[in-house]
Amino acid sequence: MKIVVCMKQVPDTNEIKIDQKTGTLQREGVPSIMNPEDKHALLAALNIKDAEVIALSMGPPQAEMILREALAYGANKAILLCDFAFAGSDTAATSYTLSKAIEKINPDLIVCGRQAIDGDTAQVGPQIAELLNLPQATYVQKIIKLDNEKVEIQKETEIGYDIMELNLPALITCTNDISEIDYPSLQGISKAFEENIETWKATDLKADKERLGLNGSPTWVNKSFTPTHQRQGNILKGNVKELAKQLAKEFIRKEIVKE
Amino acid sequence: MDFNFTKKQHLLKQTIDEFCEKEIVPYADDIDHEQIFPEKQIKLLSKMGIMGMSIPKEYGGAELDNVSQTIIMEAVSKACASTSVTMGAHTSLTCFPLVAYGTKDQKQRFLPKLASGEYLGAFALTEPNAGSDASNVETTAVKDGDEYIINGSKIFITNGGKADLINIVATTDKSKKHHGISIFTVETKKAKGFEIGKKEDKLGLRGSNTNEIIFKDMRLPKENLVGGIEGMGFKIAMGVFDSGRIGIGVQGVGIAQAAFDKALQYVNEREQFGRKLAKFQAMQFYLADMATRIEAARLLCYKAAFIKDQKKKYAQVAAMAKLYGSEVAMYCSRLSLQIHGGYGFIKDYPLERFYRDAKITEIYEGTSEIMKLVIAANLLGKGF
Ligand SMILES: Cc1cc2nc3c(=O)[nH]c(=O)nc-3n(C[C@H](O)[C@H](O)[C@H](O)COP(=O)(O)OP(=O)(O)OC[C@H]3O[C@@H](n4cnc5c(N)ncnc54)[C@H](O)[C@@H]3O)c2cc1C
Ligand SMILES: Cc1cc2nc3c(=O)[nH]c(=O)nc-3n(C[C@H](O)[C@H](O)[C@H](O)COP(=O)(O)OP(=O)(O)OC[C@H]3O[C@@H](n4cnc5c(N)ncnc54)[C@H](O)[C@@H]3O)c2cc1C
């Protein structure tokens, strides 16, 4: 059983501040971490007996750190997709690049986080699955059963959960529930720095150049800002009957109750 | 000159910080208020290999460099000083003398168990009449065939009531004063005549165990004489303290940083006279003074660790790190409490805990006065 875990290095948004004037993130001095859901994805993969776990990330050279961390946890192999040709990728280009690497690795199961805490789109997992024509399940909370043919999972929904079975190879995106938090051991950390991280460039991927990096990115960010919304109190006036009527109307308008 | 951590130290710091934040900080108040021995935290630290951080790989340890050990000590101290002293008494005071001076047989017998956390360790020097004056030890060890017979007692021993293995300091020849001092390893569950005495009720570090231990005709195999030669004990003990002082210095830095972090948060929340405390220049000056001193103390500690890693003489800088780190712990815990006003005095906030915990750093492993003696002796030369 070969499992690829996709992981992204992100700024620790707990410690990030937004410049109120420009609306941009102040990244300076903010520590970079493994996207939290990706860590849970990794731990879930490592919990699977006899699986070969491969950590995969696309990013700048510094992204090496989250791959070292993955090795410290016990991943068998780590691959960094790093090339100037990948710079400026939006989610479409990111997904395409990752899918090309995954094609080359040829795994049975791909586990992604549901969402990156910086980009926040939750698009990369599903897009990879589409590009590779694989069955997918998102918001996975639990891997119930896994054999060589299929995987049975439990996925979160608005009202509870669904249980689904997917034929392998398949892709799942997971939430933090999929595994308990754990910490690498000192021995693991030492080992992580004795191992080699493979770096793959665009030429290693047999990829269509037009679909990589800035060239392959149809999205343009015009401006980013924090929307402000103000809550206002509204004091209703009148006798009890009128008040009740007004209140009911308000409830209907806000879709709290149906007419 | 390079002030950067290596990539490995960086990952280690990130790991231990996250671990402490999630697994220690939430329990630290209870550990202190209810005097709960931090057994659970020590188990988790063992699982990560941290209780074996000072032990060579061949004996099952992680063999960390001193800078890395200092990173860990700072992080755990920032979270909970009761936990960090429990850990430090084991990794530094107990493991270090066996690693540095133990015979091959002693290393093989004891280190793997200490590394895995199966054994919790302690180091016992202090006696009622031997505190700062360590050479005045009255506990005796008398050779009897293949054994030593030990009589005496020790007070204020960290982990004394909990430890599976204790390195004890005894005199094999009182007439030789400090040249007659030796260290013996006691496996407490195996040694007949080993007794646990009074558990101390303390100002701070209230979750840690500080205990009297008593030896009544306690017999130890002669193979448990650390290093295998009588009279080496004083030299070993001084080596242990030189090294341990880096740990206590950075324990002070950890406590100071914890107090500072709370202060920084509080001045941005609390309002008086219609503005945030952060707007008052007096409060800003407190923050600036604290941050500056913490940085200076931290640099001393890491410098001492760094020099030790370079296998150079580090005793002088280690004494400075301990002296200053503990002063900064006192200073910052006091100012941060002051910034919190009355709330700082109340147990709902951790400030009073930091304030109480800080004090011991000026006392154990050599008081501040003794640190100054050590530093001055180095400055003036031995003959002075
Ligand atoms: C509108 C928009 C425009 C952008 N434009 C640019 C731009 O011009 N230049 C630029 O540099 N960036 C840009 N970005 C950021 C970048 O495209 C995204 O961060 C990236 O594509 C991943 O998307 P995400 O962060 O939303 O991840 P999500 O889709 O939320 O991530 C889900 C999961 O996918 C996997 N994953 C995501 N990214 C990676 C990765 N790099 N390696 C491995 N696994 C991964 C992880 O498992 C992750 O948990 C843009 C983002 C947006 C939303
Ligand atoms: C919580 C706690 C944990 C401890 N853990 C351990 C442990 O694990 N193992 C262990 O062996 N011990 C331990 N100790 C003991 C500790 O190391 C001693 O308390 C310390 O060394 C001071 O000795 P003392 O208490 O006898 O003070 P004293 O030596 O009596 O000192 C009293 C005062 O006199 C000053 N003084 C003494 N001599 C001089 C001098 N020559 N010049 C100037 N001033 C001097 C001191 O600085 C101090 O201010 C612990 C103590 C405590 C409270």
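**Exercise 1. The site of ligand 2**

A backbone N or O atom of B:Leu125 lies 2.8 Å from an oxygen atom of ligand 2; starting from this contact, describe the polar contacts, the cover and the shell of ligand 2.

*Solution.* This is a predicted model, in which local features need pLDDT of at least 70 and side-chain atom pairs count only at pLDDT 80 or more, while totals for chains, interfaces and linings use all residues. Residues are numbered from 1 along each chain as its sequence is written, chains are lettered from A and ligands numbered from 1 in the order in which they are written, and side-chain values use heavy atoms, with hydrogens and water left out.

Step 1 takes the polar contacts, meaning pairs of N or O atoms within 3.5 Å. Besides B:Leu125, a polar side-chain atom of B:Thr126 lies 2.6 Å from a nitrogen atom of ligand 2, and a backbone N or O atom of B:Phe156 lies 2.8 Å from a nitrogen atom of the ligand. Taken alone, ligand 2 exposes 980 Å², of which the protein buries 64%, the areas coming from the Shrake-Rupley method with a 1.4 Å probe.

Step 2 takes the shell, whose residues each have a heavy atom within 4 Å of the ligand. Ligand 2 is surrounded by 18 residues, and the closest are B:Thr126, B:Ser132, B:Phe156, B:Thr367 and B:Glu369. Strand S1 (121–124), strand S3 (147–158) and helix H12 (368–380) of chain B each supply at least two residues, with the largest share, three residues, coming from S3(B). Helices (H or I, at least four residues) and strands (E, at least two) are DSSP runs, numbered from the N terminus.

Step 3 sorts the shell of ligand 2 into nine nonpolar, six polar and three charged residues, where Ala, Val, Leu, Ile, Met, Phe, Trp, Tyr, Cys and Pro count as nonpolar, Asp, Glu, Lys and Arg as charged, and the others, Gly among them, as polar.

**Exercise 2. The site of ligand 1**

Which residues of the shell around ligand 1 are the closest, and how much of the ligand does the protein bury?

*Solution.* Step 1: of the 28 residues that surround ligand 1, the closest are A:Cys6, A:Lys8, A:Asp38, A:Ala116 and A:Thr121, and the shell divides into 10 nonpolar, 12 polar and six charged residues.

Step 2: an oxygen atom of ligand 1 is 2.8 Å from an N or O atom in the side chain of A:Thr94, whereas a nitrogen atom of the ligand is 3.4 Å from a polar backbone atom of A:Met7. Taken alone, ligand 1 exposes 920 Å², and the protein buries 80% of that.

Step 3: strand S6 (52–58), helix H3 (91–105) and strand S8 (109–113) of chain A each supply at least two residues of this shell.

**Exercise 3. Strands and burial in chain A**

Which strands pair with S7(A), and why is S7(A) largely enclosed by the rest of the structure?

*Solution.* Step 1: S6(A) and S7(A) pair in the parallel sense over five bridges, pairing being called when DSSP finds at least two bridges, and A:Met58 has A:Leu81 as its bridge partner in S7(A).

Step 2: S7(A) and strand S13 (residues 198–200) of chain A run parallel and are joined by three bridges; here the bridge partner of A:Leu81 is A:Trp200.

Step 3: four of the five residues of S7(A) (residues 77–81) are buried, so the strand is largely enclosed by the rest of the structure; buried means under 20% relative accessible area. Helix H1 (residues 36–46) of chain A is likewise largely enclosed, because nine of its 11 residues are buried, including A:Asp38 and A:His40.

How values were computed. A polar contact is a pair of N or O atoms within 3.5 Å; within protein, one must be able to donate a hydrogen and the other to accept it, and residues adjacent in sequence count only if both atoms are side-chain atoms. Buried means under 20% relative accessible area, exposed over 50%, partly exposed in between (1.4 Å probe, protein chains only).
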